[in-house]
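Work through the exercises below with the model open. Each task is followed by its solution in steps.

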There are 2 protein chains.
Amino acid sequence: MSGSGCRFLRMDRIDQGIIDQLRSNARAGYGDIGQVVGLSASAVKRRVDRLVADGIIRGFTVQVDPKVEGLATEAYVELFCRGTVSPTDLKRILSGVPEIVEAGTVTGEADAIVIMRARDVIALEEALEKVRAASSVDHTRSAIVLSKLVTRVAG
Amino acid sequence: MSGSGCRFLRMDRIDQGIIDQLRSNARAGYGDIGQVVGLSASAVKRRVDRLVADGIIRGFTVQVDPKVEGLATEAYVELFCRGTVSPTDLKRILSGVPEIVEAGTVTGEADAIVIMRARDVIALEEALEKVRAASSVDHTRSAIVLSKLVTRVAG
DNA sequence: CGTGAAATTAGTAGTCT
DNA sequence: AGACTACTAATTTCACG
């Protein structure tokens with residue numbers, strides 16, 4: 001973890017503009033960004049560096065056609081635990097499974113909901129087995145995605 | 001549309017490696033990537049250019065802390081429909097709600113699962129109302145995310 | 001905190017094997 | 001299709017307002 005817990009997040013209008021630019025093209029040059037937000041290249045770089053250091057910007061990634069990625073099979077999995085399990089413990093269990101794209105504790109019947117992505121159903125089942133292997137996990141309820149209806153980029 | 005519909009996607013091991021590198025850091029230099037995958041900078045650039053032109057790489061984005069984005073409240077919503085509803089109809093209904101980040105038809109009890117993100121619980125409820133307003137929607141079952149355990153970027 | 005110039009490094013285009 | 005060279009343009013550092 002790159003230090004500096006979570007101090008209060010201060011971001012002005014310019015930082016917001018820089019992030020907007022980077023969101024539409026993370027490979028944009030600092031000069032190009034500066035021209036839009038009205039700053040010099042070095043000032044933009046300094047701000048971006050700080051946004052990264054503060055954890056506001058978590059990283060720069062590429063959006064890939066899901067069909068190509070070979071991660072065609074997706075599932076939403078409800079997790080039911082035995083007794084009381086702390087979010088910290090859950091985090092440790094789930095972090096070990098790379099197929100897990102997203103997970104969070106939730107309100108309602110289930111203790112957590114997990115989104116998994118794998119090459120095919122077999123790989124998905126194997127990943128699911130790893131989750132179910134944890135002693136604190138009582139059972140799971142899976143819903144495999146048949147067809148994707150909406151796909152907007154997530155933060 | 002930048003031409004050339006979807007011909008069969010040919011990607012070799014090297015392309016995969018380049019994308020892996022770009023995924024962990026979309027701002028990585030061509031030289032750095034080449035050093036990992038075993039190619040020269042210019043060869044890497046040529047491949048990246050083609051991956052973008054072919055639509056395999058859709059773009060380069062930045063991952064931003066959701067708390068900062070003002071989209072702190074997230075929910076997983078199961079959708080139960082009245083009678084039989086085609087995926088196309090569902091897509092039309094859900095596309096109109098901007099708070100919906102992801103959605104897909106699924107196996108199991110529910111007809112579809114929807115992921116929503118909003119500023120707060122009130123905004124979330126309003127968005128949910130828009131979904132429930134559709135005549136083909138019978139009822140929904142929501143699970144509001146309490147704490148995020150895993151957050152890996154999605155394709 | 002932002003600017004501007006200097007030094008460094010990376011991106012780009014052309015050519016050859 | 002990849003490597004190499006030369007050229008251009010960007011990033012990065014630093015002293016200054």
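A polar contact is a pair of N or O atoms within 3.5 Å. The model is predicted.

**Exercise 1. Find which base atom of DNA strand D meets the side chain of Ser42(B), and test the pair against the cut-off.**

Step 1. Take the N or O atom in the side chain of Ser42(B); a base nitrogen of DNA strand D is 2.7 Å from that atom.
Step 2. Apply the limit: N or O atoms within 3.5 Å form a polar contact. The 2.7 Å pair of Ser42(B) and the base nitrogen therefore qualifies.

**Exercise 2. Locate the phosphate oxygens of DNA strand D that lie by Tyr30(A) and Arg47(B).**

Step 1. Start with chain A. A backbone N or O atom of Tyr30(A) is 2.8 Å from a phosphate oxygen of DNA strand D.
Step 2. Turn to chain B. Here a side-chain N or O atom of Arg47(B) lies 2.4 Å from a phosphate oxygen of the strand.

**Exercise 3. Describe the protein surface near DNA strand D: which elements supply it, and what is its make-up?**

Step 1. List residues. Those around DNA strand D include Gly29(A), Lys45(A), Arg46(B) and Arg50(B).
Step 2. Look at the DNA side. Of the strand D atoms within 4 Å of the protein, sugar and phosphate make up 72%.
Step 3. Assign elements. Helix 2 (30-37) and helix 3 (41-53) of chain A, and helix 3 (41-53) of chain B, each give at least two residues. Helix 3 of chain B has the largest share, five residues.
Step 4. Sort by type. The surface has three nonpolar, five polar and four charged residues.

**Exercise 4. Characterise the interface of chain B and chain A: how many residues does each chain give, and how much area is buried?**

Step 1. Count residues. Chain B brings 64 to the contact and chain A brings 62.
Step 2. Give the area. About 6100 Å² is buried between the chains, with 53% from carbon and sulfur atoms.
Step 3. Count the polar links. There are seven salt bridges between the chains. One joins the side chains of Arg58(B) and Asp65(A), at 3.6 Å from N to O. Polar contact links 27 residue pairs across the interface, both residues at pLDDT 80 or more.
Step 4. Find the main contributor on chain B. Strand 5 gives the most to the side touching chain A, with 11 residues.
Step 5. Sort that side of chain B. It divides into 35 nonpolar, 14 polar and 15 charged residues.

**Exercise 5. In which sense do strand 3 of chain A and strand 5 of chain B pair?**

Step 1. Read the direction. Strand 3 (residues 100-106) of chain A and strand 5 of chain B are antiparallel, over five bridges.
Step 2. Pick out a pair. Val106(A) is opposite Val145(B), a residue of strand 5 of chain B.

Methods
Residues numbered from 1 in each chain as written. Chains lettered and ligands numbered in written order. Predicted model: local features only at pLDDT ≥ 70, side-chain atom pairs only at ≥ 80, totals over all residues. Heavy atoms only, no water. Contact = heavy atoms within 4.5 Å. Buried area = accessible area lost by both parts, 1.4 Å probe. Salt bridge = Lys/Arg side-chain N within 4 Å of Asp/Glu carboxyl O. Polar contact = N/O pair within 3.5 Å; in protein donor to acceptor, adjacent residues only side chain to side chain. Helix = DSSP H or I, 4+ residues; strand = E, 2+ residues; numbered from the N terminus. Nonpolar A, V, L, I, M, F, W, Y, C, P; charged D, E, K, R; others polar. Pairing = 2+ DSSP bridges. Near = heavy atom within 4 Å.
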